[in-house]
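Please open the model in your viewer and keep the selection tool at hand. We will go step by step, choosing one part after another and pausing at each.

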Amino acid sequence: MGALAMPESEKRLIRWHLYIAYIAIAVGIFFGLLQALSRAKLLPPMPWYDYYQGLTFHGVLNALVWTTFNIVALLTVAVRASLGRPLYSLALGWTGFGLMTVGVAAAGYAILTRQANVLYTFYPPLMAHPAFYLGATLLIVGSWVSGANLILTYVAWRRENPGQRTPLMAFGSIVVFVLWYIATLGVAIEVLFLLLPWSLGLVKQTNPMLARTLFWYFGHPLVYFWLLPAYVVWYTMVPRLAGGKLYSDPMARLAFLMLLIFSTPIGVHHQYTDPAIGQEWKLLHAFGTFLVTIPSLLTAFNLMASLEYAGRQRGGRGWIDWIFRLPWDEPAFAGATLSMIAFVFGGISGIVNASYNVNLVVHNTSWVPGHLHLTVGTAVTLTFMAMATWLVPYLTGRALWSRKVALANMYLWFIGVLIFAVGMMRGGLEGEPRRTNLGFSPYLLPEWMPFLIMAAVGGALMFIAGVLFLLNMAMTLWFSRQPARVEVPMAEALHTAADAPIAFERWRVWLAVAAVLIVISYTPVLTQVLQTSPFSAYGFLPSNPAPIR
Amino acid sequence: MVKDPFERTAIFGAGLLMTAFFVAIVIGAFGLGIRVPTCVTDIPPFDQPAVVEVAPGQYVVNVVAQMWLFNPREIRIPAGSTVTFNLTSKDVQHGFKILNTNVNMMAVPGVVNRAQARFDQPGEYLIVCHEYCGLGHHAMSAKVIVEPRTAEGPSLPTPRAMASALACWAR
Ligand code: HEM
Ligand SMILES: [Cu+2]
Ligand SMILES: [Cu+2]
């Protein structure tokens, strides 16, 4: 089993991804705390603090940098460990890392110098410094290179092992990157053909509706790019951490494939309140969104069954006793399982968002950030934190500095986000707008105050939990002297891959299906947008109502 | 593939649940008439944002969003009126949400958005900009002021103003 052990050279590559991710979230949650406080009138005006600059940092560093670097790191380990073969190319891995890091530095420079206060969705005609768009491009291109490295590793494995079922861990990881290639096409076109030439002054006017539509073609599968790595962890690692087995491997594959084909042709569910797109197409995308919730419901069933199996293996009996038998004092298990619980609420609130006319109640209110902190901000983030408790020891050979601190990190974040999300979501139902420095708003309604304070309290707890996480990782990296004996947790399945239809391995077929669905759902939408929206918008700086002509 | 009865129940149950939800929103949209905004292009005259009574109890309001105000800032109408809002932006993207109604739209430069609401309860309805639009975004708001109808007697009692967008028509 020599090939299974990861050589130091590969570990170093993964470690560097984690360093960048940890720096990103350190800055990211600092601004998160300030936002939560500022919205609740708990922050005085401070000359160095610009709410929207901070919010741009918050969105970019947390939702794009922390996630992407973690995903590349974790899935590289997953692919490599489950295939039991070296990476296709170390050089390719470093190239991907280098491009992503230069991209983050370029975008970071633009944001830091207040030349890109455009938030992480960068809707035109608000205009940022070209370095911001260039940085975003490099981040994406770098992730393409790193993804290619994993896919080439898989292709090499496939050649060496013809006819074998792909291990589920690798299967899910490959789906993540295939989905990412499909998704990033939209934003790559938006940035390269619309925004970059326009911010460089090569063209003066742009088309905001087209840009929005391309952005959300990317934006919805983006959320699955965040979520599916957590699914990989939940399906293939958590049952092992719980001391049991995955209930059904074929059903997990079915879920991954459904997510692959249904998560792109539905992006217009972010544009229910937009002009220029007809109701019939909005409703079609709503229908597609409901289809894509089915694999998540299947995931809920499969994971619950796996946890129940583990609980019974540990001597649990009856309806609830098995729950208490699970290793709730193991940080990796506890963190990942709390993430799943948060995702139950995240998923339910997501169905509300997706529900066409019901979306009118919540669109762009603080309900939405309430929802997204349960999903990417916890289901994904807390899963990454939980996995770091074995991954960092695995990569460094040093035991985790403190298990107690890790446990406090997991439970505190979970409690924090529940309070935060209830505050944000209730406030949203009362009409609080999102992306708004409400504490400094002349129209702030008194009935919003309890919910704003609640969000500030929950946010502060999350921030403390985040600091505990960073402390634990820093101490493990720098001060832990105990050697670690850690393996990548790989779960077996109760219903094994042997039952999965062989068609599940026909990647070309699934890609073709995905392409057909995208063409069906996006041709009419893009046609309408191009027919009705002109390329007539001059750029604007966020600080100045006069156009840049 | 699905030999396990629990797996089969989960798959069909999930499908059934989402079908039921979808049917519910379709009934909401077509039965109750709660519609999302739709595509309308270049309706003049946005050079003159105004509240116009087009028929008794029927108003059309042309709203222009700009950094960082709405024009008009106050929309006065009598209780029981049905108001159509045509919305566009002069500069960057903005949002337009009227609290306690179902009116929720994006204002995008170059295109016009449209939604309709009936206002039965007298009072002030806050309109907030809910899309980030630059430095003064958090100060951007407007109001619908619904005045009690005095001469004609009491208006129809409806608990909430209902919004519905009109059908999509191309230029
Ligand atoms: C200490 C923890 C955190 C706190 C206190 C916090 C707080 C907030 C607040 C108050 C907002 C709303 C700002 C507004 O709409 O005006 C927000 C937005 C957001 N947060 Fe967080 N957050 C935290 C962690 C995270 C994490 C870990 C992620 C993702 C991995 C995340 C992703 C986002 C995103 C994507 C937005 C929306 C940004 C936008 O509208 O442009 N946050 N956060
Ligand atoms: Cu979405
Ligand atoms: Cu605004």
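The tour below goes from the contact between two chains to a metal site.

Before selecting anything, bear in mind that this is a predicted model. Begin by colouring chain A and chain B separately, and look at where they meet: 61 residues of chain B are in contact with 72 residues of chain A. Between them the two chains bury about 5400 Å², and 69% of this area lies on carbon and sulfur atoms.

Next, search this interface for polar pairs, where the rule finds 19 residue pairs in polar contact, both residues being at pLDDT 80 or more. Now select the side of chain B that touches chain A, to which α1 (5-31), β7 (104-107) and β9 (123-128) of chain B each supply at least two residues. The largest share comes from α1(B), with 15 residues. If you colour this side of chain B by class, you will find 38 nonpolar, 14 polar and nine charged residues.

How many salt bridges does the rule find across the interface of chain B and chain A? There is one, and to see it you should select Arg435(A) together with Glu131(B), whose closest N and O atoms are 2.9 Å apart.

Stay with Glu131(B) and add the copper ion (ligand 3), which is coordinated by the O atom of this residue as well as by Cys129(B) (SG), Cys133(B) (SG) and His137(B) (ND1), at 2.0 to 2.5 Å. Along the sequence these donor residues follow the spacing C-x1-E-x1-C-x3-H. Why is the arrangement around the copper ion (ligand 3) tetrahedral? It counts as tetrahedral because the four donor atoms subtend angles of 86 to 128°, and all of these lie between 85 and 135 degrees.

Note on methods. Residues numbered from 1 in each chain as written. Chains lettered and ligands numbered in written order. Predicted model: local features only at pLDDT ≥ 70, side-chain atom pairs only at ≥ 80, totals over all residues. Heavy atoms only, no water. Contact = heavy atoms within 4.5 Å. Buried area = accessible area lost by both parts, 1.4 Å probe. Salt bridge = Lys/Arg side-chain N within 4 Å of Asp/Glu carboxyl O. Polar contact = N/O pair within 3.5 Å; in protein donor to acceptor, adjacent residues only side chain to side chain. Helix = DSSP H or I, 4+ residues; strand = E, 2+ residues; numbered from the N terminus. Nonpolar A, V, L, I, M, F, W, Y, C, P; charged D, E, K, R; others polar. Donors = N, O, S within 2.8 Å, 3.2 Å for Na, K, Ca; no water. Tetrahedral: all angles 85-135°; square planar, octahedral: opposite > 155°, others 65-115°.
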